[in-house]
Amino acid sequence: LELQLQTRESDAGRRGLRSGLLGLGGAVAGVALRPVAAGIDVGRRAERELREAVLTRAEAAALAAFDALLVSRLADEIVDRALASPLARRAVERALAGPLVEAIEQLLADGVLDQTVARVLEGPELERVVESALDSAAMERLVVRVIESSLLEEAVERLLQTDELWLMVDEIARSPAVAEAIQRQSLGFADEVAGGMRSRSRRIDDRLESGARRVFRRKPRVPPAPEGSGG
Amino acid sequence: MIDVAAPEYEGLATRAIAFALDAAIISGVAVVVGAAAGISLSVLSVPSGVEAAVFAAAGAVCLLWSTAYFVTFWCTTGQTPGNRVLGIRVCRADDGQPLRPARALLRLIALTLAAIPLFAGFLPILVDDRRRGVHDMIAGTVVVGSPDDIDHVVGDAPAAGPPGRPLRR
């Protein structure tokens with residue numbers, strides 16, 4: 001039994017010694033490998049930054065090239081030729097003959113478009129967009145430029161030359177709503193004039209009366225008190 | 001206690017303006033009708049005796065028109081168009097009701113009589129506590145502010161009593 005106990009103690013001592021040696025080795029290895037790990041991190045970071053820089057430059061270059069393409073005559077020429085080519089016509093014909101139209105019809109029949117429009121109109125997003133557009137200085141500048149330009153004058157002149165406008169004006173002038181509004185306005189003005197006449201005539205009444213009472217040496221007239229006023 | 005607004009008796013200037021408006025309406029209608037009748041007669045060859053009779057009849061119609069104008073309005077709403085513009089109303093002094101035809105006719109006759117001595121019959125309006133002229137005293141009437149007068153609504157003057165409410169004797 002003693003022999004067995006001694007054997008167990010010696011095994012435990014060996015295991016503790018081994019684990020201590022392993023921990024010491026790990027700590028030494030960690031300290032030794034720390035510069036290596038830092039070097040790897042630096043390398044990764046540099047690679048990431050380089051990649052982002054390259055991508056940003058590439059995007060900017062692509063956009064600049066696209067802008068240059070859009071403003072160039074070449075783009076106009078390409079679009080004109082593409083539209084004039086039979087390819088465009090065939091593409092449109094195929095698109096119209098294909099399932100696209102049916103899909104759009106199905107969407108319309110399902111009321112998806114109505115719902116979308118209603119959602120957009122009723123939602124706060126449209127209001128926010130409109131408000132921000134109206135509040136923006138760019139919109140103000142745009143409106144000022146439109147008003148100051150000759151475009152507006154030309155548009156008004158053209159509008160005044162159209163017969164439809166005058167037909168519409170005649171229709172509006174003959175409408176019962178407008179006639180009623182004019183009548184109401186006239187009555188309001190007449191009431192206003194009559195009201196002014198009343199107040200002035202009553203002031204004259206009081207002056208005439210006080211003058212006459214002074215001449216006849218009578219006491220000023222006491223306006224009748226409200227009935228049942230409690231005294 | 002219930003606070004009932006006292007009637008506001010109307011003065012000489014207000015009543016004179018209202019009467020002038022009524023006179024303008026009566027005269028305008030008479031002139032238009034008389035002109036139409038005169039033009040119609042001018043194309044007809046009317047003997048001179050008949051012409052005089054026509055003029056007499058026109059005068060009688062004009063008198064009848066004036067009388068009917070005042071009596072009708074005083075007996076119905078108590079307001080002639082002129083009174084309506086000025087926001088005043090003729091009513092019986094005892095109970096505030098519109099006049100009966102006999103009383104309206106009496107008031108009109110008394111009004112004419114009051115105007116004859118250089119309008120002296122209207123001077124009591126200036127000194128009477130209820131602003132009555134001779135014709136009002138004879139017919140037992142008063143002239144008060146109309147309840148729907150806008151000046152009363154905005155508080156410029158106290159509101160008149162509604163029709164039917166007894167007025168101060």
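The paragraphs below go through chain B of this predicted model, from its overall make-up to its strands, its helix packing and two loop residues.

Chain B contains seven helices and two strands. Along the sequence these elements follow the order α-α-α-β-α-α-α-β-α. Chain B has 169 residues, and 40% of them count as buried. Of the contacts in chain B between residues at least 6 apart in sequence, 70% join residues at least 24 apart.

The strands come next. Strand β1(B) covers residues 88-92 and strand β2(B) covers residues 141-145; the two run antiparallel and are joined by five bridges. One of the pairings puts Cys91(B) opposite Val142(B), its bridge partner in β2(B). In β1(B), five of the five residues are buried, so the strand is largely enclosed by the rest of the structure. The same reasoning holds for β2(B): five of its five residues are buried, so β2(B) is also largely enclosed by the rest of the structure.

Ala93(B) lies in the loop between β1 and α4 (101-115) of chain B. With a relative accessible area of 9%, Ala93(B) is under the 20% limit and therefore counts as buried. Between Ala93(B) and Val142(B) there are 5.3 Å from C-alpha to C-alpha, while in sequence the two residues are 49 apart. Val142(B) is the residue already met as the bridge partner of Cys91(B).

The helices can be taken in pairs. Two packed helices are described by the angle between their axes and the distance between the axes. Within chain B, helix α1 (residues 12-42) and helix α2 (residues 48-76) have axes that come within 11 Å and cross at roughly 150°. Angles over 145 degrees count as roughly antiparallel, and α1(B) and α2(B) are therefore roughly antiparallel to each other. Their crossing is right-handed. On the α1(B) side the contact involves Phe19(B), Asp22(B), Ile25(B), Ile26(B), Val29(B), Ala30(B) and Leu41(B), and on the α2(B) side Val54(B), Cys62(B), Trp65(B), Ser66(B), Tyr69(B) and Phe70(B). By class, this contact of α1(B) with α2(B) has eleven nonpolar residues, one polar and one charged.

Helix α1(B) also packs against chain A. Its partner there is helix α10(A), residues 176-215; the axes are 6 Å apart and the angle is about 135°. That angle falls outside the parallel, antiparallel and perpendicular ranges, and α10(A) and α1(B) are therefore oblique to each other. Met197(A), Ser201(A), Arg202(A), Ile204(A), Asp205(A) and Leu208(A) of α10(A) make the contact with Leu12(B), Ala13(B), Thr14(B) and Ile17(B) of α1(B). The residues of this contact of α10(A) with α1(B) divide into six nonpolar, two polar and two charged.

Two residues with positive phi remain. Leu118(B) is placed in the loop between α4 and α5 (124-127) of chain B. Its phi is positive, about 55°, although Leu118(B) is not a glycine. Leu118(B) has 78% relative accessibility and so counts as exposed, the cut-off being over 50%. Phe119(B) is also in the loop between α4 and α5 of chain B. Phe119(B) is not a glycine either, yet has a positive phi of about 60°. Its relative accessible area is 53%, so Phe119(B) is exposed.

Notes: Residues are numbered from 1 along each chain as its sequence is written. Chains are lettered from A and ligands numbered from 1 in the order in which they are written. This is a predicted model: local features need pLDDT of at least 70, side-chain atom pairs count only at pLDDT 80 or more; totals for chains, interfaces and linings use all residues. Side-chain values use heavy atoms; hydrogens and water are left out. Buried means under 20% relative accessible area, exposed over 50%, partly exposed in between (1.4 Å probe, protein chains only). Helices (H or I, at least four residues) and strands (E, at least two) are DSSP runs, numbered from the N terminus. Two strands pair if DSSP finds at least two bridges between them. Axes are lines fitted to C-alpha atoms, for helices over the stretch in contact, and angles run from 0 to 180 degrees between N-to-C directions. Angles under 35 degrees count as roughly parallel, over 145 as roughly antiparallel, 65 to 115 as roughly perpendicular and the rest as oblique. A crossing is left-handed if the near helix is turned anticlockwise from the far one by less than a right angle, and right-handed if clockwise. Contact means heavy atoms within 4.5 Å. Ala, Val, Leu, Ile, Met, Phe, Trp, Tyr, Cys and Pro count as nonpolar, Asp, Glu, Lys and Arg as charged, and the others, Gly among them, as polar.
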